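Q: I am new to this structure and would like a close look at one part of it. Please start with how a pair of neighbouring elements is joined, and work outwards from there.

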Amino acid sequence: MEIIRKSDISYDDFINNHVKAGVPLIFTNATQNWKGLQEFSLDWFKEKFGERITDFEGTKYSMNQIIDMIKNSSPENPSPYPITFDVPNQLPELLEYIDPIDINYAKPNWVDSKLFRNGHWGYATEIFFGGSGVKFPYVHLDYYHLSAWVTMLVGQKEFTIFPRGQDDYLYPVPGDNYRSNLNIFNPDLEKYPNFIHATPINFVLQPGETLYIPFGIWHSAHSITPSISVAFDHLSSENAFDFVKDVYYLKKRMGKAKAFLTSIYALMACGLCKVGDIFRIKRELINQRYTTRFKS
């Protein structure tokens, strides 16, 4: 498998050949109508949000400090990473500059439903700040088998992804099947010999490009230059079954009874969202027929 870049793709093509097939995709110009695409820069974020504060491993940093750190970062002396802001809660003004964040392909997205937002089950829309040479701490799957969408706003970031079915080569942490202690950038093959059979795919995401990472895909990344990217989670009927299983698995740490009840809620919520999708499609078809008749 190799990474595919497309500037034009139908919604049906995307669903059938990428979502259902589990094949990552880079949209090269889906964000062309974003208000902020031509404005984004390190200094723009500093000017717009300079005094906003976020926390990284117990230390609070302002946007001014973050931008200064990533400007001065190097592979030999990398800045802290990943430093993030929760966009809706910490930088809500940014939303108008990245609209539509779903680029009209991440639909339907059930995490937008209050049924899931209230559960805090992996839902996030975050912006990541990284300096040159910084690396994500580990290769991982996204929790709850949510799919991920990542758009580069500033700079370049190199991603590494692994096709599905390579779990045994990546040594998931016992008790936490979503991350690995294996350093894929400098693997210890004596300690992790099966990694030699893995087939990593490396590529660079450019400003304005959007990466779709299907659920169940191991991935990691590192910044080539000072970089800013925005990412959000995606849940639909395609990953609902795995989502519910993950809810039980992750909540089991709080007790089997709690896990069972929570997973039942997750299953019912998925069912309600599925019904909503069916009625939405029917409404769209009715509207199309009505519009066609009206025009004729």
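A: Strand β8, which covers residues 157-162, is joined to β13 by six bridges, and the two strands run antiparallel. This is a feature of a predicted model. One position in the pairing can be named: Ile161 has His219 of β13 as its bridge partner.

The pair belongs to an open sheet of three strands, whose order is β11-β8-β13 and whose pairing is antiparallel. The edges are held by β11 (201-205) and β13 (218-223); each of them has a single partner strand, so one side of each has no neighbour in the sheet. On average, neighbouring strands in this sheet are turned by 25° against each other, with direction ignored.

Two contacts between a charge and a ring can be added here. Arg164 lies over the face of Phe215, 4.4 Å from the ring centre. In the other, the charged end of Arg179 is placed over the ring of Tyr138, at 5.6 Å from its centre.

The next step outwards is another sheet. Seven strands form an open sheet in the order β1-β2-β12-β7-β14-β6-β5, and their pairing is mixed. Here β1 (4-6) and β5 (83-86) are the edge strands; each has a single partner strand, so one side of each is left without a neighbour in the sheet. From one strand to the next, the twist averages 25°. Within this order, β7 and β14 run antiparallel and are joined by seven bridges. Val150 is one of the residues involved, and its bridge partner in β14 is Ala231.

Strands β7 and β14 lead on to the helices. Helix α2 spans residues 42-49, and its buried residues are Leu42, Trp44, Phe45 and Phe49. Around the axis they cover an arc of only 165°, which puts them on the same side of α2. What they pack against is α3 (63-71), β6 (125-130), β7 (147-154) and β14 (227-234).

Helix α3 can be described in the same terms. Its buried residues are Met63, Ile66, Ile67 and Ile70. Viewed down the axis of α3, these residues fall within an arc of 95°, so they line one face of the helix. Their cover includes α2, β3 (53-56), β4 (59-62), β5, β6 and β14.

Three of the buried residues of α2, namely Trp44, Phe45 and Phe49, also take part in a cluster of rings. Ring pairs link them with Phe40, Phe85, Tyr97 and Phe129.

The count of aromatic pairs comes to 24. Among them is the edge-to-face pair of Trp44 and Tyr97, with 5.1 Å from centre to centre and 75° between the planes. Trp44 is in helix α2, while Tyr97 is in the loop between α4 (87-90) and α5 (114-117), so this pair ties together parts that lie 53 residues apart in sequence. Are the two residues of this pair buried or exposed? Trp44 has a relative accessible area of 12%, and Tyr97 has 8%; both count as buried because buried means under 20%.

Notes. Residues are numbered from 1 along each chain as its sequence is written. This is a predicted model: local features need pLDDT of at least 70, side-chain atom pairs count only at pLDDT 80 or more; totals for chains, interfaces and linings use all residues. Side-chain values use heavy atoms; hydrogens and water are left out. Two strands pair if DSSP finds at least two bridges between them. Helices (H or I, at least four residues) and strands (E, at least two) are DSSP runs, numbered from the N terminus. Axes are lines fitted to C-alpha atoms, for helices over the stretch in contact, and angles run from 0 to 180 degrees between N-to-C directions. Buried means under 20% relative accessible area, exposed over 50%, partly exposed in between (1.4 Å probe, protein chains only). The arc is that of the directions from the helix axis to the C-beta atoms. Contact means heavy atoms within 4.5 Å. Rings of Phe, Tyr and Trp (its six-membered ring) pair if their centres lie within 6.5 Å; planes under 30 degrees apart count as stacked, over 60 as edge-to-face and the rest as tilted. A charge sits over a ring if NZ of Lys or CZ of Arg is within 6 Å of the ring centre and within 35 degrees of the ring normal.
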